[in-house]
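Let's take a walk through this predicted model. Have it open beside you as you read.

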Amino acid sequence: MLGQDETIFALGTAGGRGGIQVIRISGAGAGGALRALAGGIPPPRMLRFTAIRDGDGALLDRGMAVWFPHPASPTGEDYAELHLHGAPQIARLVLGALGALEGLRLAEAGEFTRRAFLNGKMSLDQAEALADVIDADTITQHRQAMARLDAPLSQITETWRAQLINMMAQLEAVLDFADEEIPQNILDTLNRELKEITKEINDLIKENKRGPIIRDGINIVLLGKPNAGKSTFLNALAGREEAIVSAEAGTTRDIINVSLDIQGYAVHIKDTAGLRPTQSAPKNAIEQEGVRRATKAAQQADIVVALIEANTPNPKTALNELLKQAEITKKPPIIMPVISKADLQKNQTTPKNWTKISAKNNTGLEKWQQKLSEIMETLIETNESALISRQRHQNLLKECQTRLTQAQKINLNKNPELTAEELRTAAAALGRISGRIDVEDVLDAIFKSFCIGK
Ligand code: GDP
């Protein structure tokens, strides 16, 4: 782990030219750094206008210095900020002057936030929410992340954890008198509490089943025969909507993903290799691999948009054939059938509840999007205040749920030590959400996702 005794510094604002930039300093040497560069330490939490000079006394800039003595600081350590003119040369010179000071070094990615977490300034799920606020591409992602930063899931999970620990303590007390029967009133209370807490956790999981979908985005896969018009459709969509990430083309037959902001939701649309009818099986290994990937993507998707070309005889049969080939036999995904190349459609009726589009003429896309929005609403089932915003949290809650369900099956009177063990594991799962226990393995992954200076 990184040494917390070292004083770190970094540019806290995005680099480049701008109105102002802020350099952050955290650790025991922050006060000394202010003395060295800003000529002294201002009163706590008050901005002071001052000259910023290097070790030789050269004037680097005039700006503001602010001082937060520990523990009432953003990181919980002694902490300072220098607010400077937004010039790259100034940043380079001031960072250089700080680096020349004894015991100071440039911060690693996310290290300020990591120290804030380690010093109890925020829980781990709050740090994750902060990362999500910074990374949010759409309005719903922003709202969800802000809600979780403001009222983290761990507020609830830590209460449950405290209850479980309390129950464990009661059990331990009983276990100390192993020869005696557990008094009935203690048994009753423990059983009741166990039931209540399990129900609360079950309810939370049920109500927030699709919570992570807002953060992670909705996965849509375009499926169809070769030449059904999938790529043209995707291009037409990408041209209309704000592309979050530019399309990443993979190798031939790979899957192309375009992320779009549709009605405030992050949507990832994947264009796949075409699926040929079974009677004309893929010709070569590369195509086979493409088909395998397309099939897998479709099975894992939230929504499959099945493109059936206009004038295909018996579109419904063609749709079933396509789904059979992709081995989609049950929900999820939700299937959205579409007639493509509608401009070529001759006197053929569109099946009920299907949409039709012409990517060439740019028609039908709006209706399709409207239909997609309706499907997304039902799919998400939840609003942006969903308490469970990350898969990691959902997995841990499910782990806790499994343990508590298991604990209820054990005869408390006969095997109290087994119950205690289940409660311990359940509490540990909850503790990993807030980061209060045993999270060393995930810390790097979480904090490395921040930039340097955060
Ligand atoms: P994919 O293999 O499913 O990705 O199909 P493409 O998007 O590459 O389209 C196959 C052919 O159909 C190309 O020649 C397209 O120009 C044409 N095409 C695609 N969409 C339309 C459409 O809406 N109308 C017409 N008339 N042609 C289209």
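Start in helix 3, where Glu111 and Arg115 sit 4 residues apart, about one turn of the helix. Their side chains meet in a salt bridge, at 3.5 Å from N to O, and both residues are buried.

Helix 3 (residues 111–118) also packs against helix 15 (residues 440–448), with the axes 10 Å apart and at an angle of about 145 degrees. The crossing of these two helices is right-handed. On the helix 3 side, Thr113, Arg114 and Phe117 do the touching, and they meet Glu440, Leu443, Asp444 and Phe447 of helix 15. That contact is a mix: 3 nonpolar residues, 1 polar and 3 charged.

Back to salt bridges, of which the whole structure has 19. One of them pairs Glu128 with Arg390, at 3.8 Å from N to O. This one ties together distant parts of the chain, since Glu128 is in helix 4 (residues 124–135) and Arg390 is in the loop between helix 12 and helix 13, 262 residues apart. Glu128 counts as buried because its relative accessibility is 1%, and Arg390, at 13%, counts as buried too. The pair belongs to a network of salt bridges with shared partners, which also takes in Asp132, Arg215, Asp216 and Arg392.

Now for the greasy part. The largest nonpolar core has 30 residues, and Ile218, Phe233, Ile303, Val305 and Trp368 touch the most other members. Several helices and strands feed into this core, including helix 9 (230–240) and strand 11 (303–309), but helix 12 gives the most, with 7 residues. A second, separate core of 29 residues includes Ile197, Leu396, Ala407 and Leu430.

Conventions:
Residues numbered from 1 in each chain as written. Predicted model: local features only at pLDDT ≥ 70, side-chain atom pairs only at ≥ 80, totals over all residues. Heavy atoms only, no water. Core = buried A, V, L, I, M, F, W, Y, C linked by side-chain atoms within 4.5 Å. Buried < 20%, exposed > 50% of the residue type's maximum accessible area, 1.4 Å probe, protein only. Axes fitted to C-alpha atoms, helices over the stretch in contact; angles between N-to-C directions. Left-handed = near helix turned anticlockwise from the far one by under 90°. Contact = heavy atoms within 4.5 Å. Nonpolar A, V, L, I, M, F, W, Y, C, P; charged D, E, K, R; others polar. Salt bridge = Lys/Arg side-chain N within 4 Å of Asp/Glu carboxyl O.
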